[in-house]
Amino acid sequence: GYDCMNDKKRIVMTKLNNLCRNFLYKYGTDFYACSKIAGLWMFPKRIVSSNKFRVINNAVDVDKFAFSPTKREDMRRELNLSDKLVVGHIGNFVYQKNHGFLIDTFNELHKIDPNACLLLLGDGVLFESIKQKVDELGLSENVIFTGRVSNANDYLQAMDIFVLPSNFEGLGIVAVEAQASGLKCVFSDRVPEEAILTENCVSLKINGVNDAKIWAEKIYNTDFTGRTDQTDIIIAKGYSLKKQNLNMLV
């Protein structure tokens with residue numbers, strides 16, 4: 001998809017992509033993407049279905065994201081979140097990441113659990129408008145905006161659940177990172193199946209009138225106990241950066 005807030009412009013750009021997809025592939029010999037759905041966005045279906053197309057996993061440094069109870073306690077203490085339900089998200093503040101829906105969801109969650117906290121990592125063109133929406137809803141004391149950080153892996157440790165309500169994703173590497181850290185995750189149904197690697201994930205719709213409330217209830221009713229190291233699963237699914245052999249892939 002195209003990361004554009006203007007609906008009409010996004011429609012035009014999508015039509016141009018669909019047009020170009022039908023002939024630009026003729027100039028290639030081998031075709032790669034981070035997921036099948038990303039491949040279908042770039043190439044004709046007959047190419048994606050052929051042996052000329054390969055999915056190359058967006059791998060992560062699993063050691064960096066492995067669950068650490070000690071780091072979790074340290075980060076929650078540092079952020080003053082020790083006794084709170086912490087919902088987390090990492091992503092640029094752009095149309096793709098759907099922060100507006102995320103704030104609507106948290107607003108519904110706040111009605112159920114006034115002590116809950118939303119931890120937002122990232123920056124972008126919509127940062128100020130989202131911050132204003134938070135202020136207008138009276139959620140300022142419950143939402144933490146960190147801006148861009150170099151240690152997102154540490155912040156993942158502090159979260160209880162990771163949410164990714166994206167309007168579209170080629171894969172969603174933050175989804176892999178969150179799962180590597182052992183987090184329960186709620187993704188939109190626009191996140192590709194290839195990104196769902198553990199049993200800690202659930203996919204929900206984002207277009208319905210009551211979907212924000214449904215997300216909030218799902219988050220609140222999630223069992224957060226028993227968080228464990230999931231790195232072995234991530235490695236087995238082929239998403240370990242250290243184990244990935246690019247020479248074999250290409």
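**Helix packing, salt bridges and backbone features**

Helix H6 and helix H10 (residues 211-220) pack at an angle of about 55°, and their axes lie 8 Å apart. The model described here is predicted. The two helices, H6 and H10, are therefore oblique to each other, since an angle counts as roughly parallel under 35 degrees and as roughly perpendicular from 65 to 115. In passing H10, H6 makes a right-handed crossing. On the H6 side, the residues in contact are Phe101, Asp104, Thr105, Glu108, Leu109 and Ile112. They meet Asp211, Ala212, Lys213, Trp215, Ala216, Glu217, Ile219 and Tyr220 of H10. Sorted by class, the contact between H6 and H10 has 8 nonpolar, 1 polar and 5 charged residues.

H6 also packs against H7, here at an angle of about 20° and with the axes 10 Å apart. H6 and H7 are therefore roughly parallel to each other, because the limit for that description is an angle under 35 degrees. The crossing of H6 past H7 is right-handed. His99, Gly100, Ile103 and Asp104 of H6 make this contact with Ile130, Lys133 and Val134 of H7. By class, the contact of H6 with H7 has 3 nonpolar, 2 polar and 2 charged residues. Asp104 appears in the list of H6 residues that meet H10 and also in the list for the contact with H7.

These helices belong to a chain with 12 helices and 8 strands. The chain has 250 residues, of which buried residues make up 48%. Among the contacts in the chain with a separation of 6 or more, 67% are between residues 24 or more positions apart.

Side chains of opposite charge can pair when their charged atoms come close. With a cut-off of 4 Å between a side-chain nitrogen of Lys or Arg and a carboxyl oxygen of Asp or Glu, the count comes to 10 salt bridges. One of the salt bridges is formed by Lys133 and Asp104, with 2.9 Å between the closest N and O atoms. Lys133 lies in helix H7 (residues 127-136) and Asp104 in helix H6 (residues 99-112), so this pair ties together parts that are 29 residues apart in sequence. Lys133 has a relative accessibility of 24% and counts as partly exposed. Asp104, at 33% relative accessibility, counts as partly exposed. Both values fall outside the limits for the other two classes, because buried means under 20% and exposed means over 50%. Arg72, Arg76 and Asp160 are joined into one network by salt bridges that share partners.

Asp63 and Lys242 form another salt bridge, in which the closest N and O atoms are 2.8 Å apart. This pair links distant parts of the chain, with the two positions 179 residues apart in sequence. Asp63 is in helix H4 (residues 62-65), while Lys242 is in the loop between helix H11 (231-236) and helix H12 (246-249). Asp63 and Lys242 are both exposed.

A further salt bridge joins Asp74 to Arg77, with the closest N and O atoms 3.2 Å apart. Both residues belong to helix H5 (residues 69-78), and because Asp74 and Arg77 are 3 residues apart there, about one helical turn separates them. Asp74 is partly exposed, with a relative accessible area of 34%. Arg77 has a relative accessibility of 52% and therefore counts as exposed, the limit for that class being over 50%.

Two asparagine residues have positive phi values. For Asn80, phi is near 60°, which is a positive value in a residue other than glycine. Asn80 lies in the loop between H5 and strand S3 (86-90). With a relative accessible area of 59%, Asn80 is exposed. For Asn98, phi is near 65°, again a positive value in a residue other than glycine. Asn98 is placed in the loop between S3 and H6. At 13% relative accessibility, Asn98 counts as buried, because buried means under 20%. Thus Asn80 is exposed, whereas Asn98 is buried.

Notes: Residues are numbered from 1 along each chain as its sequence is written. This is a predicted model: local features need pLDDT of at least 70, side-chain atom pairs count only at pLDDT 80 or more; totals for chains, interfaces and linings use all residues. Side-chain values use heavy atoms; hydrogens and water are left out. Helices (H or I, at least four residues) and strands (E, at least two) are DSSP runs, numbered from the N terminus. Buried means under 20% relative accessible area, exposed over 50%, partly exposed in between (1.4 Å probe, protein chains only). Axes are lines fitted to C-alpha atoms, for helices over the stretch in contact, and angles run from 0 to 180 degrees between N-to-C directions. Angles under 35 degrees count as roughly parallel, over 145 as roughly antiparallel, 65 to 115 as roughly perpendicular and the rest as oblique. A crossing is left-handed if the near helix is turned anticlockwise from the far one by less than a right angle, and right-handed if clockwise. Contact means heavy atoms within 4.5 Å. Ala, Val, Leu, Ile, Met, Phe, Trp, Tyr, Cys and Pro count as nonpolar, Asp, Glu, Lys and Arg as charged, and the others, Gly among them, as polar.
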